[in-house]
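Trainee: Please take me through this model one question at a time. Keep the answers short.

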Amino acid sequence: MLQIWALDGIREIIPGDDLVQVIVDAVTARADDDGALRDGDIVVVTSKVVSKAEGRIIRADDREDAITRETVRLVASRTSPTGHVTRIVENPLGIVSAAAGVDASNTPEGTVLLLPVDPDASARALATGLRTATGAHVGVIITDTLGRAWREGQTDHAIGAGGIHVFEDLRGTTDAEGRPLVVTLPCVADEIAAATDLVKGKAARRPVAIVRGRADLVGDLDLPGARSIVRDPARDMFRQGADEAYAEGFAAGRAAVG
């Protein structure tokens, strides 16, 4: 049976906070023994609290410059009728998202947050600290909210992982009808990230959730992290936005004919 619950009582995080201790305190505060961390539990942490603890906070009026600094590659850009520019970019983590992950939600007035510098390292550090503090063999996923190509709305995705298998490789097995599975590779880290958002919520101040029932996914701290989820550019069929690809092709065509 899969169980998912959010931790209550986590205060506003400030730079320098010990997130391991914050999580341990929140777990300890649960009235029932069933809330204590167990071997195989997965601790899912919203990236915003990791960014706050790591001091990834800047003034809100620096947001556009920050987006530019965090941009490795522009994928697509659109200007609305009101003049607002939306940029879909690749950031240094290889993640393609709006505004390079620079976020103004759930952050103190007048500030915005950058994503953690290395979410996988942050997740491994949390997993190490929680294993030491509680004696439980747990995994950690760090999440952020992202849009999805061809679909409206957003959902949480894994951007950092420590001590957990991010994929469940079913290739080489068979389906219920006995047919071989050739390309089936569920990204279980993203599935877990999205599931925990149902209990964490965006306005409930519950940035940490516990997942119980998938101990098979928890493993060594040297397992590949969430960076391994990012598709290699050589296999990316959608490297540019439609308008950008058209403009580049048009320019190349004009140059070819002189």
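Trainee: With which residue does R206 form a salt bridge?

Mentor: The model is predicted: local features need pLDDT of at least 70, side-chain atom pairs count only at pLDDT 80 or more, and totals for chains, interfaces and linings use all residues. Residues are numbered from 1 along each chain as its sequence is written, and side-chain values use heavy atoms, with hydrogens and water left out. A salt bridge here means a side-chain nitrogen of Lys or Arg within 4 Å of a carboxyl oxygen of Asp or Glu. For R206, the closest N and O atoms are 2.8 Å apart, and the partner is D8.

Trainee: How many residues apart in sequence are the parts tied together by that pair?

Mentor: Elements first: helices (H or I, at least four residues) and strands (E, at least two) are DSSP runs, numbered from the N terminus. R206 sits in the loop between helix 5 (188-200) and strand 10. D8 sits in the loop between strand 1 (3-6) and helix 1, so the pair ties together parts whose separation in sequence is 198 residues.

Trainee: Is R206 buried or exposed, or partly exposed?

Mentor: Buried means under 20% relative accessible area, exposed over 50%, and partly exposed in between (1.4 Å probe, protein chains only). R206 has a relative accessible area of 27%. That makes R206 partly exposed.

Trainee: Which residue forms a salt bridge with E12?

Mentor: The closest N and O atoms are 2.9 Å apart. This pair links distant parts of the chain, 40 residues apart: E12 is in the loop between strand 1 and helix 1, and its partner is in helix 2. The partner is K52.

Trainee: Of E12 and K52, which counts as buried?

Mentor: E12 is at 35% relative accessibility, so it counts as partly exposed. The other end is at 5% relative accessibility. The buried one is K52.

Trainee: Which residue is linked with E12 and K52 in a network of salt bridges?

Mentor: The structure holds 18 salt bridges. E12 and K52 belong to a network of them. The residue that joins this network is R205.

Trainee: Which helix supplies the largest share of the largest nonpolar core?

Mentor: A nonpolar core is a set of buried Ala, Val, Leu, Ile, Met, Phe, Trp, Tyr and Cys residues joined through side-chain atoms within 4.5 Å. The largest has 32 residues, and L7, I23, L37, V43, V45, L130 and V140 touch the most other members. Among the elements that each supply at least two of its residues are strand 2 (42-46), helix 4 (119-134) and strand 10 (208-212). The largest share is seven residues, and it comes from helix 1.

Trainee: How many residues of helix 1 are buried?

Mentor: L19, V20, V22, I23, V24, A26 and V27 are buried. Their cover includes strand 2, helix 2, helix 4 and strand 10. Helix 1 is largely enclosed by the rest of the structure, because of its 10 residues the buried ones number seven.

Trainee: In strand 10, which residue is the bridge partner of V45?

Mentor: Two strands pair if DSSP finds at least two bridges between them. Strand 2 and strand 10 pair in the antiparallel sense over four bridges. V45 also touches I23, L126 and I141, among others, where touching means heavy atoms within 4.5 Å. Its bridge partner is V208.

Trainee: Which residue in strand 10 does W5 stand opposite?

Mentor: Strand 1 and strand 10 also pair in the antiparallel sense, over four bridges. V208, I210 and R212 point one way from strand 10, A209 and V211 the other way, and all are buried. W5 stands opposite I210.

Trainee: Which residues, along with W150, make the nonpolar surface patch?

Mentor: A patch of this kind joins nonpolar side chains (Val, Leu, Ile, Met, Phe, Trp, Tyr) within 5 Å, from residues with over 30% relative accessible area and no salt bridge. Areas come from the Shrake-Rupley method with a 1.4 Å probe, and for residues only the protein chains shown count as cover. The patch covers about 500 Å². W150 is joined there by M237 and F238.

Trainee: How far apart in space are N106 and V49?

Mentor: N106 lies in the loop between strand 6 (96-98) and strand 7 (111-113). Leaving aside neighbours within four places in sequence, N106 is in contact with K48, K52, L113 and K202. N106 and V49 are 57 residues apart in sequence, yet C-alpha to C-alpha they are separated in space by 9.3 Å.

Terms used. Patch = residues over 30% accessible without salt bridge, like charges linked within 9 Å, V, L, I, M, F, W, Y side chains within 5 Å.
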